[in-house]
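Hi,

Here is the structure I said I'd pass on. Have a look at it first, and my notes on what turned up are underneath.

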Amino acid sequence: MRVKIAGVAVAAALALAVSGCGSDDKKDDGAQGSEPGLVIWADDKRAPVLESFRSQFESELGVTIKVEAVSKDLQANFVTASQGDNAPDVVIGAHDWIGNLVQNGAIDPVQLTDAQKAGFNPDALKAVTYNGQVYGAPYAVENLALIRNTDLAPEAPSSIEDMVADAEKLKKDGKTEELLSLQVGDNGDAYHAYPLYASAGGYLFGQKDNGDYDPADLGVGKPESIEAFEKISELGKKGVLKTSIGSENSIPLFTEGKTAYLVSGPWAVGDIKKAGVNYDITPIPGFEGMGKATPFLGVQSFFVASKGKHKTVAQEFVANYVTGEPLATALYNADPRPPALTASFDKVKATDPDLAKFAEAGAGAPPLPAIPEMSAIWDPFGKAESAIVGGADVTETVEGAATTIGDAIKK
Amino acid sequence: MDAVQTASRQRSKQGYAGSGLTGLVVRITLLGVVAALAVWAVLPLIGARSWIGVGVVAAATALLFWIYLSPNRRLPLKYLIPGTLLLIAFQIVPVLYTLSTSVTNFGDGHRGDKDEAIVSIETASITQVPGSPEYDLAIAADGEDALVFILSDPASGKYWAGNAEGLRDLAPTDVQKGLSGKITEAEGYTILTAAEAAERSQEITDLAVPVDGGGIRANGLSRAFQGTSARAYDEGCDCVRDAVTGQVWTADPGHGYFTDAAGESLPQGWQVSVGADNFTRVITDDKVRGPFLSVLWWNFAFAIISVLVTFVLGLLCAIALHKERLRFKALYRTLMVLPYAMPAFAMLLIWRDMFNQDFGLINTMFGLDVGWFSNPWTARFAVILVQLWLGFPYMFLVSTGALQSIPTETLEAAKIDGATGFQAFRRVTLPLLLVSLTPLLIMSFAFNFNNFNAIQLTTGGGPFEAGNSTVGGTDLLITYTYRLAFGGQGAEYGFAASVSVFIFLIVATVSAIGFRVTRNQEEVYR
Amino acid sequence: MSAATVSTAPKRRRRPSGGRDWWRHLVLGLAVVFALVPIVFVISAALNPQGTLSSTALIPTGGVSLSNVGDLFANTPFAHWYLNSLIVSGSAAFISVFVSAIAAYAFSRFRFKGRRVGLISLLLIQMFPQFLAIVALFLMFSEVTEYWPGLGFNTLSGLTLVYLGGALGANTWLMKGFFDTVPKELDESAVMDGASHAQVFFRIILPLVTPILAVSGLLAFIGSINEFLIANVFLTQPENKTLAIGLFGLINETNRNANFGIFAVGTLLTAIPTVAVFQLLQRYIVGGLTVGAVKG
């Protein structure tokens, strides 16, 4: 018994000693925790770009900044973090997240002055506007275009049929192995399929009078969409579209000269230049006698988190700092995507002819719908595309996808 | 002889007794550390007045002391408690939380509570009053350290100081501007630095200087604007009213939305309880129930076949290697463990690329043109093959471990009794192996039953039949649930939780049956 | 009789060894080829100077270079990731082996109320689809980060703790099965000699079960070094990441192909600690039980 009492005493003494050290640690941690600073979340690709500007931000804003990279599922993690107590202050992401982020109360509107608004590419501004409010500061606009190897195909094709004919000739002559590199993959890719679908008359959502997308008017499953997929099915049968070409190999097929035509965006240009391929960028051709093959416009934006601990600094950063020309140009230099800020775009246009070409390819392109209902489309639409490219019956597949999407939207 | 034995026993007794003191010291030290950790953990909780937290820490500490200071009656607990505490904290509590969400509509649009939704709706409706000036802003504090906005209108050259009471004119002479045009000093106020202002972020956000037709709010640290919130919550009618259009959205407590007369909802909703709705949906909704059963059989087949093939190959390798003085023994062993050493997710992605129809290694190597992932059967074969590759080294390792534990004498004895190598294996080795390995095979079955990565990172559940984009040929219940919950229509977390309860019940039942079988064996061996 | 067997056995084995082991070599050879093909592919990718997936074949064709290694270290905080992974997985493996060994001892040696229920529950809890629990863990650690930043997000200790939540899982089962094969008479005689339960465990059982401790340790190490779903949520600062999550970030959608070479290098380097741990523990795994000691 006595041993036990002694034990307790010793234990208590030890406890005091250790907790003494512990409380010292605590003080340090506390100081670190309450340190004023802005926390920015980005994906692995953009985080290093921002990190390189960190010290500049810090000296100009007068606060410390932490740039953190979320390697996977940034949007989902941001929403969860907003629900917990650990939300970042600023998030960088695609504008089509806005609908979901707003319904989860994760982001706040950004108040821009009229002068600031006028400085942006109008399409970019439209893309980040949701329910009449601007929800993000756009910094880059990107869309798909047709990139062709000018050594193999000197002339830009006037239509898909034209392109396929040239490509078949190249393949027959043994100069290439594939007709076209447009990523499909085993589970489809709605974003890359959309220009073809649009050219053949299909649409995803109708638009309301004010230009907003109308979830009540679903275009998938309408007769136009079935016709459009018939055209896609033909391309699949000819081997122009292949499920074996996906995100992992579409760009390399082009850089290695295995195909003369690639449908991709500004992110592909770096690899192509590195490979030393001579290329030109033109709008994606439409089907003969049918509509333009308009791609979707994607806008990379800075968002102000609702639940951040330093919201005013975040607003200052997003509304008054990111919107300036110097930063936009600097971001372009670090990661060459067409700037959303007109002044910056004009400045770099002279040195980078690709920008204007991408902009031309994206002329009249609708922004990716930001409404939450959009998320119901991606998966079934992509799978329908993949199945049809693989030779499945068009009507049955499209109607099946339409039912799935319709059910998901109704919920 | 007896004397020697007694002597040795006495010696060893002394040995044990001597180390009894060490045991005591160790025990006291450990309890001391526990107490220290408890104090360390409790201080911030006290600081935050989180008495529940304090209670939990105190209870856990008391429990530990009680267990380790009490006599041997609670002996098993002494051995079980460290793992159990970790298990409770980091597995059981999260699972219980997940279960608790299965009776709610928790998901995208329904994450927070109603108040958060209201704040979000009101904030989202703040717009700049048309024609109002854009102010330059400096954030300052007055003599009592209360927050003040120092405002200037560059167009008119006027200056104001604003707080919660309203605006007060400032004489231009009272204000100093820096080179960049920023207000650096204002008579009677202290201008805050960015870092100081950052710390009072919440206060700044909350301050709206009242003026006619709205409030002047900070927009960041250097600008301010006059804004009004068009939508406001009215407690009287439990509704949100838009002051500009006059539209009214009434709260719908059953669904956690504000809905207008036409049935249109505001996007920001809140989390409400939906009772057993999620569960009945699993059972009654054809879109869920139909696939559920059709996926189930493949799910079982996948888990059982995965375990069987990996076990057979693993065991075969272990037996082949279970011999003293086999040439290249160490080399074989090292090479065979390699698949297990490679990061599984990376290898799953690489396998996926290897199965590509036109560019994949497998088709090019064997000169095939098989669309591995476009036919359900080849896709199933492919994922099983990948499982075999990933899993057999594990089975090899555990079989080796188990083989080592079988006393060689037992086998030698069987051989002396005239058994051939194979007979000895079947009658002696295998049953003994199964005693220690059956629970493990069941664990492995359970793991594979829910092996999300194996499917998601390779086929993604595909191939999908024409017209059916919800269920693919290789979908497991868990990948199917994942898409149901997070893929298609946005996150429906509560619903996913209720589906996972069904999955859990199925796996648990099957495993429990398997366990009963083991139990008999175990008891026999004892 | 036993002595006779022992003395004749080596003689019998030594002579016809080459002839009678052919099936062993066949089985093992095939298994090794099967095991190695994808790994050779990864090695080839790692050495491919173009560093892209599509230009990689099973055997390097476009020349061999170590440029990917340089790129990996130059462009990413790979060394940090490496160290982090070693710390997290090493400590998680060590602690979890200890924790599950003592639990397995209790399950194997004592008969107490709730033993069977405990064992079954241990199994059942592992079967719950864990990806759903990540949201709960996130909310939980939001609180933890506030009170104890040293254990919260972006700390290795926090992540290790979460991994330890599964310590009792599979390993306890594995070990209990093994402990059951150690004859009970051994500890009974030790108790008669005056040993306490703790002494029986540490001095008698543990030395006898080193093979299983080694195997479990290896399994726990591999399990945590491969984990990336939870790590993704926990570690957001580039320098704090573990190998799995850092590597995963290298091959997100648009970078998948371009970074393939450095990803392959990272994959191979990730395997090294595991192989090293295996080599380290091999002695125990191989050595096995000394039969004499068990029967003593």
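Let me start with one residue in chain B: A41(B) sits in helix α1 of chain B, which covers residues 2–47. Bear in mind throughout that this is a predicted model. Is A41(B) buried or exposed? The cut-off for buried is 20 or more other C-beta atoms within 10 Å, and A41(B) has 22, so it counts as buried. Leaving out residues up to four places away in sequence, A41(B) touches V57(B) and W148(C), so have both chains on display when you look at it. I also checked A41(B) against I416(B): they are 375 residues apart along the chain, and their C-alpha atoms are separated by 63 Å.

Staying with chain B, the domain assignment splits it into domain 1 (19–102), domain 2 (114–237) and domain 3 (284–525). The centres of domain 1 and domain 3 of chain B, taken over C-alpha atoms, lie 36 Å from each other. Where those two domains of chain B touch, domain 1 puts in four residues and domain 3 puts in five. On the domain 1 side of that contact there are one nonpolar and three polar residues, with no charged ones.

Next, chain C and its contact with chain B. Here 88 residues of chain C meet 96 residues of chain B. Which helix gives the largest share of the chain C side? That is α3 of chain C (residues 22–47), with 12 residues. Sorted by class, the chain C side comes out as 64 nonpolar, 19 polar and five charged residues. As for chain C itself, it has 16 helices and zero strands, and 51% of its 296 residues count as buried. Taking contacts in chain C between residues at least 6 apart in sequence, 69% join residues at least 24 apart.

Chain A has both kinds of element, with 18 helices and 13 strands. Its C-alpha atoms fill a box of roughly 95 × 55 × 50 Å along the principal axes, and buried residues make up 58% of its 411 residues.

Two elements of chain A are worth a click. One is strand β7 (residues 137–142) of chain A: six of its six residues are buried, so the strand is largely enclosed by the rest of the structure. β7(A) pairs with β13 (residues 298–305) of chain A in the antiparallel sense, over five bridges, and A137(A) stands opposite F302(A).

The other is helix α18 (residues 394–410) of chain A. With 17 residues at 1.5 Å a residue, α18(A) should span 24 Å, and its end C-alpha atoms are indeed 24 Å apart. Its buried residues include V394(A), V398(A), I405(A) and I409(A). What do the buried residues of α18(A) pack against? The answer is β10 (213–218), α10 (223–238) and α17 (375–389), again in chain A.

Last, the nonpolar cores. The largest has 171 residues, and V90(A), I232(A), V318(A) and F149(B) have the most contacts inside it. Apart from that one lies another core of 168 residues, including A318(B), A93(C), A101(C) and F179(C). If you want a way into the largest core, try V90(A): leaving aside neighbours within four places in sequence, its contacts include L38(A), I40(A), F302(A), F317(A) and V318(A). F302(A) is also the residue that stands opposite A137(A).

Cheers

Technical notes
Residues numbered from 1 in each chain as written. Chains lettered and ligands numbered in written order. Predicted model: local features only at pLDDT ≥ 70, side-chain atom pairs only at ≥ 80, totals over all residues. Core = buried A, V, L, I, M, F, W, Y, C linked by C-beta atoms within 7 Å. Buried ≥ 20, exposed ≤ 12 C-beta atoms within 10 Å, placed from the backbone. Contact = placed C-beta atoms within 7 Å. Helix = DSSP H or I, 4+ residues; strand = E, 2+ residues; numbered from the N terminus. Nonpolar A, V, L, I, M, F, W, Y, C, P; charged D, E, K, R; others polar. Expected span 1.5 Å × (residues − 1). Domains from an automatic or database assignment. Pairing = 2+ DSSP bridges.
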